[in-house]
Amino acid sequence: MDPSPEPDPSHEPHSAYPEDAYDGGHGPYQPHEPGYGLDQPGYSPYEDEIPDAEARMLAIKNAKAYLLKTSTKSGLNLYDHLATVLTKILDEQPANTVDIIETISQDVKWAQFRKKMDTLRDEHLIPPTFEAAEKCKALFIKEAAEEEHEELDEEMGEPALPNVMETAFYFEQAGIGLSKDECYYIFLAFKNLISVQPIQTCRFWGKILGLEMNYIIAEVQLREGEEEEEEREEEEEETVAEEEKEMGEGEEEMEQKEKEPEPPKSTYKPPPEIPKEANGTGTNKYVYFVCNEPGKPWVKLPPVTPAQIVCARQIKKFFTGRLDAPIVSFPPFPGNEANYLRAQIARISAGTHVSPTGFYQFPEDEEEEEGGDTYEENPEFEPPPVAEMVESLAMWAHHVKGILKQGRCVWINPAQKSEEDEEEGEEEEEEEEEERQEETGQPLLTLISEDEGMKNIPAWTAQASTNLIPEYSIAILQSNRWPGAYAFASGRKFENIYFGWGHKYNPESHTPALPPPAEAEFPSEPGITETADPTVEEELAFKAAQEEALAEAEEEEEEEGEDD
């Protein structure tokens, strides 16, 4: 046997432990190993002789079989993975491929990930920050329509977009408000709203919390002419609905007359329906848009009616965040959650929107009237010191009219009818007018010091934002009747805001309204009174009388036959 050749020192493996180099598999491949027969650095058995084709094919098959081994962790194999990585590199042809080969390999693995239900594996979860960014992505896109509205605002003079961040800064000094990120998202959402709707003025009203979703509320005034068009559309819809209702009732009455005799009619007369206040006045002075989150579409709330406000005072329901959700309550609420939300907004605004005394004044050409709700800024207003605004509640005044028990800001007599109806029921009207008394509420710009408290709790609490630096503090006013309603004043700047569940404070537990008393029985009359059952003797006498009558009739017939 030929002695085995000694290894060349120049071809020794470069390793920290030379004695372990060949044991680790870095030396020549054996015939039973997958790489046997392939050229390796420092070992080339085919330099001086022609390679054996069968041995080389066997080596290729063994190597491919090794690369095709499936991983027990990921379920992938190295052969397919390298092929996919090379294909991705050749298709994309990135720069400095050798520096990013590891990143490309990782991206290919993530793309091939498949969830398997047979074993427990860690799923690739989308971070909540990514989801939030996707929702707010549309807020950061500037459209062409926004540039047109910006030009219109410049021509009008005063921009319609409110400075939400400035308002948040002042309320933040008292520990009130939302996070800066959410305030900025709301700021951008208001900008999108103004670019879509013909808005003249806009204000961040506040945020009402819900069980499933919340409501971000914008208080706006539409441009002149837009409100009139809306009123016309609403009146047309109401007239069409009334005509359809009357047509349906008329058809049903005709069918009932043809089929059955008329049943006894009820003498009950429902109370007359109180009409809602016109757009731009009273409880419908402003228009409100809501959305659940910044970036979601804005939805316009319908005008509020007196019946909805009256019923909202008798119930207490949590909001769900879905405007089409039904309101299940007693007494039954006339509408869905959108109408209930609009009613609560009107109640909160009427009770909590305040301003420094003297900031607003009545127009000179108009006298102070109980039904008037117009005011203007006082150019000669001098802001009082913060200490005075904190010490005395007489330094604050309501600039939104209060809502009467009727559900309106201005009382109306529901008994007023047309001339034809008046002639028919003059006597009834006289009796009803005696019972009804005109309601009067507090006039506009009434001081909040006149507000009634709740047992031992005052209606308002005033405090300064800080006592350490009083020269830079601001006055903060908190409503105890509507928890979550706040106001601040600093010089000529002031603002009102609401963050809460939309519920009024009640020192006692909420007691639902009791059902009305049962109706009295229908009056007994001869036509509807049930007769008593006859006795046995009466039945026998009636039967005998019938038999006698039949016998007499038969005898008469026989006599007539004999005469003929």
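Tutor: Start with a term. Buried means under 20% relative accessible area, exposed means over 50%, and partly exposed lies in between (1.4 Å probe, protein chains only). This is a predicted model, where local features need pLDDT of at least 70, side-chain atom pairs count only at pLDDT 80 or more, and totals for chains, interfaces and linings use all residues. Residues are numbered from 1 along each chain as its sequence is written, and side-chain values use heavy atoms, leaving out hydrogens and water.

Student: What makes helix 10 mostly covered?

Tutor: Count its residues. Of the 16 residues in helix 10, 15 are buried. A helix here is a DSSP run of H or I with at least four residues, a strand is a run of E with at least two, and both are numbered from the N terminus.

Student: How do you know what length to expect for helix 10?

Tutor: The expected span is 1.5 Å times one less than the number of residues. For the 16 residues of helix 10 that gives 22 Å, and the helix reaches 22 Å from its first C-alpha to its last, close to the expected value.

Student: Which strands does helix 10 lie across?

Tutor: Helix 10 (residues 337-352) crosses strands 1, 2, 3, 9, 10, 11 and 12. It runs at about 95° to strand 1. Such angles run from 0 to 180 degrees between N-to-C directions, with axes fitted to C-alpha atoms, for helices over the stretch in contact.

Student: What makes two strands, such as strand 1 and strand 2, a pair?

Tutor: DSSP must find at least two bridges between them. Strand 1 and strand 2 have eight, in the antiparallel sense, so they pair. One of the links joins Thr201 to Gln221 in strand 2. The two strands form a hairpin, with six residues between them.

Student: How do strand 3 and strand 4 pair?

Tutor: They have two bridges, in the antiparallel sense. Val290 has Val299 of strand 4 as its bridge partner.

Student: In what order do the strands of the open sheet run?

Tutor: Eight strands run 4-3-2-1-12-11-10-9, with mixed pairing. Strand 4 (299-300) and strand 9 (460-464) are the edge strands, each pairing on one side only.

Student: What makes the pairing mixed?

Tutor: Look at strand 12. Its three bridges with strand 1 are parallel, while its six bridges with strand 11 are antiparallel. Gly500 of strand 12 is the bridge partner of Ile208, and Tyr498 is that of Ala485. Strand 11 and strand 12 also form a hairpin with two residues between them. In that turn, Gly491 has a positive phi of about 70°.

Student: Why is strand 12 called largely enclosed?

Tutor: Seven of its eight residues are buried, so the rest of the structure largely encloses it. Strand 1 is mostly covered too, with eight of its ten residues buried.

Student: What is in the largest nonpolar core?

Tutor: A nonpolar core is a set of buried Ala, Val, Leu, Ile, Met, Phe, Trp, Tyr and Cys residues joined through side-chain atoms within 4.5 Å. The largest one has 31 residues, and Phe204, Val220 and Trp298 have the most contacts inside it. Helix 7 gives the most to this core, with seven residues.

Student: What does Phe204 touch?

Tutor: Contact means heavy atoms within 4.5 Å. Leaving out residues up to four places away in sequence, the residues touched by Phe204 include Ile186, Phe190, Ile217 and Phe499.

Student: Why is Asn284 called buried?

Tutor: Its relative accessible area is 3%, which is below the cut-off, so Asn284 is buried. Asn284 is in the loop between helix 8 (226-259) and strand 3. Its side chain reaches the backbone oxygen of Glu277 at 2.8 Å.

Student: Why is Asn96 called exposed?

Tutor: Asn96 has 56% relative accessibility, above the cut-off, so it counts as exposed. It lies in the loop between helix 2 (78-92) and helix 3 (97-111). Its phi is near 55°, a positive value in a residue other than glycine.

Student: Is Lys455 buried or exposed?

Tutor: At 64% relative accessibility, Lys455 counts as exposed. Lys455 has a positive phi, near 60°. Its place is the loop between helix 13 (426-435) and strand 9.

Student: How do you know which form the peptide bond from Phe330 to Pro331 takes?

Tutor: Check omega. Here omega is near 0°, and the bond is cis. Pro331 lies in the loop between helix 9 (306-312) and helix 10.

Terms used
Polar contact = N/O pair within 3.5 Å; in protein donor to acceptor, adjacent residues only side chain to side chain.
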